Amino acid sequence: MPTTPAPAPHALAPADQPPAGTGTGAALSLDARLAAIDAAMTVRLEEAAVAHEVRTAHLSTDPVDLADVITVPEALPRLPALAPHTYATPAAAVLARAQHHMGTRGWCAGALTDADGATCMMGAIRAQAGGDRGLEADALALLRDVIGRRFAADPDDISVPDVNDHQRDGRLPVRMLGEAAGLADARGL
């Protein structure tokens with residue numbers, strides 16, 4: 001029985017590539033191909049933007065007054081009372097008490113203590129050191145180490161009052177006092 005050859009199947013080329021045999025795809029440089037893809041994507045994005053405008057044209061576009069949406073409390077609430085952690089070493093104990101002091105009495109910037117009894121980091125340490133300037137200096141050095149680690153700076157170039165005064169609220173200063181207490185305990189100070 002004579003057989004007739006079947007017709008050769010036609011290969012379909014992807015739409016992004018030029019037809020086989022034109023040779024232009026291999027001759028384009030990387031920059032030219034990237035520019036062509038960029039142009040194609042720009043056309044697609046513009047078409048999508050027009051389609052989006054058509055699909056959403058019927059929607060109401062009344063402006064929103066942000067005062068109706070965003071509400072801010074008149075005064076920031078005091079931080080919740082923190083349970084004091086007891087440490088056996090003197091500097092760690094002073095820093096833990098300073099953290100508790102600031103957490104219960106409040107945080108302030110620009111002064112060691114304000115009229116309401118709130119303190120800055122240095123004021124809380126000074127209040128809890130009980131007049132022992134050496135213990136206060138040790139606690140401040142440990143606090144500078146923590147601040148230096150957090151902000152990737154040299155501890156000798158850091159001023160505790162400057163760091164304290166550049167905070168928006170007392171959360172980070174209270175946390176740094178706790179971290180300093182943990183560091184002091186780990187170092188046995």
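**Entry 1: Asp169 and Arg171**

I began with Asp169, which is partly exposed, with a relative accessible area of 22%. I note here that the model is predicted. The side chain of Asp169 forms a salt bridge with that of Arg171, at 2.9 Å from N to O. I then looked up the partner: Arg171 has a relative accessibility of 52% and counts as exposed. The cut-off for exposed is over 50%, so Arg171 passes it at 52%.

**Entry 2: the other salt bridges**

How many salt bridges does the structure hold? I found five in the record of the model. I looked at some of them in turn.

Glu136 and Arg133 meet through their side chains in a salt bridge of 3.2 Å, N to O. Both residues belong to helix α6, which covers residues 133–151. They are three residues apart there, about one turn of the helix. Is Glu136 buried or exposed? I read a relative accessible area of 5% for Glu136, so this residue is buried. Arg133, on the other hand, is exposed at 52% relative accessibility. I also wrote down that Arg126, Arg133 and Glu136 are linked in a network of salt bridges.

Next I took Glu179 and Arg150, whose side chains meet in a salt bridge at 2.4 Å, N to O. This pair links distant parts of the chain, with Glu179 in helix α8 and Arg150 in helix α6, 29 residues apart. Glu179 is partly exposed, with a relative accessible area of 33%. Arg150 is also listed as partly exposed, at 35% relative accessibility.

**Entry 3: α4 against α8**

I turned to how the helices pack. Helix α4 spans residues 90–105 and helix α8 spans residues 171–187. Their axes are 8 Å apart, and the packing angle is about 165 degrees. Why do I call the two helices roughly antiparallel? Angles over 145 degrees count as roughly antiparallel, and the angle here is about 165 degrees, so α4 and α8 are roughly antiparallel to each other. The crossing of these two helices is left-handed.

I listed the residues that make this contact. From α4 they are Ala91, Ala92, Leu95, Ala96, Ala98, Gln99, Met102 and Gly103. From α8 they are Pro173, Val174, Leu177, Gly178, Ala180, Ala181, Ala184 and Asp185. Sorted by class, the contact of α4 with α8 has 12 nonpolar, three polar and one charged residues.

**Entry 4: α4 against α6**

Then I checked α4 with α6. Their axes come within 9 Å and cross at roughly 75 degrees. Angles from 65 to 115 degrees count as roughly perpendicular, so I put α4 and α6 down as roughly perpendicular to each other. On the α4 side the contact is made by Pro90, Ala91, Val94 and Leu95. On the α6 side I noted Leu135, Asp138, Ala139 and Leu142. The classes in the contact of α4 with α6 are seven nonpolar, no polar and one charged. Ala91 and Leu95 of α4 were already on my list for α8, and they are on the list for α6 too.

**Entry 5: Pro173**

I went back to Pro173, which is in helix α8 and is among the residues of the contact with α4. At 0% relative accessibility, Pro173 counts as buried. Setting aside neighbours within four places in sequence, I found Pro173 in contact with Met102, Trp107, Met121, Asn164 and Gln167. Val163 is 10 residues from Pro173 in sequence. In space, the two are 8.6 Å apart, C-alpha to C-alpha.

**Entry 6: Thr119**

Where is Thr119? I located Thr119 in the loop between α4 and α5, the latter being residues 121–129. Although in a loop, Thr119 is buried, with a relative accessible area of 1%. Which residues does Thr119 contact, leaving aside its neighbours within four places in sequence? I counted off His101, Met102, Gly106, Trp107, Cys108, Leu112, Thr113 and Ala124. Met102 and Trp107 had come up before, as contacts of Pro173.

**Entry 7: Arg144**

Last, I looked up Arg144, which is found in helix α6. Arg144 is partly exposed, with a relative accessible area of 26%. Met176 is 32 residues away from Arg144 along the chain. I noted 9.5 Å between the C-alpha atoms of the two.

Terms used
Residues are numbered from 1 along each chain as its sequence is written. This is a predicted model: local features need pLDDT of at least 70, side-chain atom pairs count only at pLDDT 80 or more; totals for chains, interfaces and linings use all residues. Side-chain values use heavy atoms; hydrogens and water are left out. Axes are lines fitted to C-alpha atoms, for helices over the stretch in contact, and angles run from 0 to 180 degrees between N-to-C directions. Helices (H or I, at least four residues) and strands (E, at least two) are DSSP runs, numbered from the N terminus. Angles under 35 degrees count as roughly parallel, over 145 as roughly antiparallel, 65 to 115 as roughly perpendicular and the rest as oblique. A crossing is left-handed if the near helix is turned anticlockwise from the far one by less than a right angle, and right-handed if clockwise. Contact means heavy atoms within 4.5 Å. Ala, Val, Leu, Ile, Met, Phe, Trp, Tyr, Cys and Pro count as nonpolar, Asp, Glu, Lys and Arg as charged, and the others, Gly among them, as polar. A salt bridge is a side-chain nitrogen of Lys or Arg within 4 Å of a carboxyl oxygen of Asp or Glu. Buried means under 20% relative accessible area, exposed over 50%, partly exposed in between (1.4 Å probe, protein chains only).
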